[in-house]
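This report describes the structure shown below for a reader who has not met it before. It moves from single residues to helices, domains and the contact between chains.

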Amino acid sequence: MSAGRPSAANKKYADWAWGYFFVAPTVIGLIILNIYPIFITLIMSFSKSAQFGKFKVSGPENYIKLLSDPEVGAAIRNTLVFTLTSVPVGIVISLVLAALMCQKIRGVGTYRVIYFMPVIAAPAAVAMVWRLMYNTDYGVLNQVLRAMGFQGISWLSDSRYAMMSVVITAIWGGLGQQIIILIGAITNVSHSYYEAADIDGASSARKLWSITVPLVSPSIFFLLITGLIGALKQFDIVYMFYGKRTAPGLGDTRTLIHKYYVEAFDVLDKTYASALVMVAFLIILVFTVIQFIGQKKWVYYDD
Amino acid sequence: MENTKARGSIVIHIALIIGAIVMAFPFLWMLLTSLKTQGEISAVPIVVLPSAFRWENYQKALDSAPYLLLYKNTILMIIGRIICALLFSSMSAYGFARISFPGNNLLFSIVIIQMMVPAEIFMIPQYQMVSKLNLLNSVFALIFPGLVSAFGAFFMRQQFMSLPYELEEAAILDGCNRWQIYSRIMLPLTKSAMVSLAVFTALFAWKDLMWPIIVNMDMSKLTLSAGLATLKVSLSSNQGALMASSVIATFPMLILYAICQKQFIEGIAQTGMK
């Protein structure tokens, strides 16, 4: 052991110093920008607003208010409905499309570029064109429905369809990214599995379900986790479709984070908003934990 | 056999083409609507192609928002966040991955915590910090939450951990110090990961809507996405101009994407994008 030699010890301490030097900007930044705010938000959620933007710790009042606020219950339900429909449906569609794009066909590059376009677009811009397409009187969707002999529907304001409309736009916006990740995973699956299945005469659907899905399950799991967390924080589409407070249909689509935003930066009740965002955090945490426990049952790791 | 194969690939093409139409249609519709009169937009039955290109919608759009400023703010925000993410994340990632010092794991857990917690939890306190610094309505305010990137640190650490140790040992024997090893040997080896992180950071900043509308009220200090959200209210009676605004805010990015789509797609495939 050379640890006793002063030069070696000095070298070790010098290396420690380098270590702290390299991580310092990130660690200090994260403590100021993220760790400290977590505690502030937690404290604020147990406070009431006083004058001049100051806060006084007062107890669980905000959480009690939250329990009796009908908008909160609806927002939690909407958030769950949005998440549990948009994420699984989006992953199934992108899995099928990714599997199709991995077949030996021409023009895959072109398809990939087109399907990826919504990922590049500014959310505000695409939400606005979707809003126009959803218009009850002259929107292109209703015009097509009517031309086919159906009745038009109030996509955004009818409580039966409002959430569905948000979900459709969200799935459309997310497909490209999921497809890219799944194509990467499917390309890595060894051809020998498919060749063996071909010899057994397996159908395409069977191959997708019995070979592709299990072998890319780590990627599906990754998309599920990130998708669920992203969806539980849905804000953009609802905000662009319905604005802040009163639009018809907002009651059926208002998400928890939308409610948080309005309370914090429009109503300006920041302590109440802090309690709301803590609830959102708890829900996300529960989903994440369930996922990590559940993955053992169906995610297949190759190594 | 050959015949069924050919038929199979035709079926696949048909399915993918239908999907592609669904994906591309809103962009096409945005473009077409931006060139129509309000009468054509709200006509029943539908008017698909404008009778004449109504460029005045674009004039109206350009009159209602300072697009050059919005572009400038957006680009400065993206560049600022990319520089911070690349520099600080790669530095800390190198420290976390390659140097053993007391507290390494403990400090890295801060990175993990940040990634587990929804960003909205930080927002009110971050807003108050920017406000206390008297920096609301500034480009700095736009960059602020991106001054450090936990995801970047996590992602780059993964990259550094996969590099062989021999390189580093040889450099230490040659008398290089840690900074020289980091900047001259390790960084060049993670170039493609850095490009991916830059793409990820750019897209994430570009698509962020809530933070810009919180910290910057002043139209001349908004990002494109946030500016559009404001226009939605002020231009609500003129949908042609609204769509023209959307085109102005969307198509330059689409063109940029068309030019460097390889980097975009690889960036997303590599980072997974949160």
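## Backbone and burial at single residues

Leu268(A) is exposed, as 12 other C-beta atoms lie within 10 Å. Burial is counted here on C-beta atoms placed from the backbone: a residue is buried if 20 or more other C-beta atoms lie within 10 Å of its own, exposed if 12 or fewer, and partly exposed in between. This is a predicted model, in which local features need pLDDT of at least 70, side-chain atom pairs count only at pLDDT 80 or more, and totals for chains, interfaces and linings use all residues. Residues are numbered from 1 along each chain as its sequence is written, while chains are lettered from A and ligands numbered from 1 in the order in which they are written.

Leu268(A) sits in the loop between helix 13 (256-265) and helix 14 (270-298) of chain A. Helices are DSSP runs (H or I, at least four residues), numbered from the N terminus. Although Leu268(A) is not a glycine, its phi is positive, at about 65°.

Asn137(B) is not a glycine either, and has a positive phi of about 60°. Asn137(B) belongs to the loop between helix 6 (120-132) and helix 7 of chain B, and counts as partly exposed with 17 C-beta neighbours inside 10 Å. Gly175(B), just after helix 9 of chain B, takes a positive phi of about 90°. Helix 9 (residues 165-173) itself is hardly covered, with zero buried residues among its nine.

| Residue | Positive phi |
|---|---|
| Leu268(A) | about 65° |
| Asn137(B) | about 60° |
| Gly175(B) | about 90° |

Another backbone feature is the cis peptide bond from Val44(B) to Pro45(B), with omega near -5°. Pro45(B) is in the loop between helix 2 (38-41) and helix 3 (56-64) of chain B.

## Two buried residues of chain B

Leu142(B) is part of helix 7 (residues 139-143) of chain B. Leu142(B) has 27 other C-beta atoms within 10 Å and is therefore buried. Leaving aside residues up to four places away in sequence, Leu142(B) touches Asn73(B), Met77(B), Pro212(B), Val215(B), Asn216(B) and Thr223(B). Two residues are in contact if their C-beta atoms, placed from the backbone, lie within 7 Å. The C-alpha atoms of Leu142(B) and Trp211(B) are 7.4 Å apart, although the two residues are 69 residues apart along the chain.

Asp208(B) lies in the loop between helix 11 and helix 12 (210-215) of chain B. Asp208(B) also counts as buried, because there are 22 C-beta neighbours inside 10 Å. From C-alpha to C-alpha, Asp208(B) and Ala226(B) are 8.4 Å apart, with their positions 18 residues apart in sequence.

## Helices 10 and 11 of chain B

The expected span of a helix is 1.5 Å times one less than its number of residues. Helix 11 (residues 191-207) of chain B has 17 residues and reaches 24 Å from its first C-alpha to its last, close to the expected 24 Å. Twelve of these 17 residues are buried, so helix 11 is largely enclosed by the rest of the structure. Among the buried residues are Met194(B), Phe200(B) and Trp206(B). Their cover includes helix 4 (67-98), helix 8 (150-161) and helix 15 (261-271) of chain B.

Helix 10 (residues 178-189) of chain B has twelve residues, and its end C-alpha atoms are 15 Å apart, which agrees with a span of 16 Å at 1.5 Å a residue. Its buried residues are Arg178(B), Ile181(B), Tyr182(B) and Met186(B). Seen down the helix axis, these fall within an arc of 95°, so they line one face of helix 10. The arc is that of the directions from the helix axis to the C-beta atoms. Arg184(B) and Pro188(B) are exposed on the face turned away from the buried side of helix 10.

## Domains, chain contact and confidence

Domain bounds come from an automatic or database domain assignment. Chain A is assigned domain 1 (6-45) and domain 2 (61-298), with centres 36 Å apart over C-alpha atoms. Chain B is divided into domain 1 (2-56) and domain 2 (65-234), and 38 Å separate their centres, again over C-alpha atoms.

The contact between the chains takes 75 residues from chain B and 73 residues from chain A. Helix 1 (residues 2-33) of chain B gives the most to the chain B side, with 14 residues.

The predictor gives the complex an ipTM of 0.88 and a pTM of 0.90. Chain B averages a pLDDT of 89, and 97% of the residues score at least 70; pLDDT is the predictor's confidence in each residue, from 0 to 100.
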